[in-house]
Amino acid sequence: MERSVALERLRTQIAAGRAVIGAGAGTGISAKSAEAGGVDLIIIYNSGRYRMAGRGSLSGLLAYGDANQVVVEMSREVLPIVRDTPVLAGVNGTDPFRLMDRFLDELKSMGFTGVQNFPTVGLFDGVFRQNLEETGMGYELEVEMIRLAAERDLLTAPYVFDVESAVAMTRAGADVIVPHVGLTTAGTIGARTALTLDESARRVQEMRDAAVEVNPDVIVLCHGGPIAEPADAAFVLARTEGVAGFFGASSAERLPTERAIRAQIEDFKAIPTTPGATS
């Protein structure tokens, strides 16, 4: 799907007062099911694969595989099965072993509508983050990746983490920004340390306000931390202004999968074996 068509659809949803929903997909069945549910954007990146292998989402930030190559491999599973929904590739913008302009051209030719910055150094903090920035592996490379993608007419939906990154990504040409308020809580491999929903709403609002000062047309979706369930997203949207929806990764596939499989097995285990008995 062309970027212009995808953007028009998103703006139509917003004008109609309907929340824009993006979903991470680590498998073909996740993408197929999300599309059946009416999702507006599907995003694939290495953590999606790792999540569905039972690992925490932060595994995607560690040296467990070539993140950009994992996305290429995942595309063969997801792109052929998605019929009418824009699919975005999570791109490791700090990857020093790829010519980023050529890689973006490759992703576009494969059928991706756009890109997101993942893995992202925005999830690192402290001295380690400072050292990454000092040694040429910082967030500015992700901003540059988004700029190159915008030049190629790819839909751009980067994660941002504070006012500074929201402004930088919007100036680089981001169509959508996704304020990220931390690793998703809940479930068997969710985080335990997170902001409150009220704190999350305040941070999302700050990032949104900074971004629209640069581009009044930028679309803003919230993500992460305690915003794990539909009720959580509704809470944040009700307490913010100009936030168009929610992007869920763990929330869109890991948590529903954990619950559904467990409940199904529990129902099977409850089947009686005595003739004539009922469960």
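**A walk through the fold and one helix pair**

Of the 279 residues of this protein, 50% count as buried, meaning under 20% relative accessible area with a 1.4 Å probe and protein chains only. Please keep in mind that this is a predicted model, in which local features need pLDDT of at least 70, side-chain atom pairs count only at pLDDT 80 or more, and totals for chains, interfaces and linings use all residues. Residues are numbered from 1 along each chain as its sequence is written, and side-chain values use heavy atoms, with hydrogens and water left out.

Let us begin with the whole chain. The protein holds 11 helices and nine strands; these are DSSP runs (H or I, at least four residues, for helices; E, at least two, for strands), numbered from the N terminus. Its C-alpha trace spans about 70 × 40 × 40 Å along the principal axes. Among contacts (heavy atoms within 4.5 Å) between residues at least 6 apart in sequence, 70% join residues at least 24 apart.

Now turn to one helix pair. The axes of α9 (residues 197-214) and α10 (residues 230-238) come within 9 Å and cross at roughly 50°, with axes being lines fitted to C-alpha atoms over the stretch in contact and angles running from 0 to 180 degrees between N-to-C directions. That makes α9 oblique to α10, a label for angles that are not under 35 degrees, over 145 or from 65 to 115. On the α9 side, Leu197, Asp198 and Ala201 make the contact, and they meet Asp232, Phe235 and Val236 of α10.
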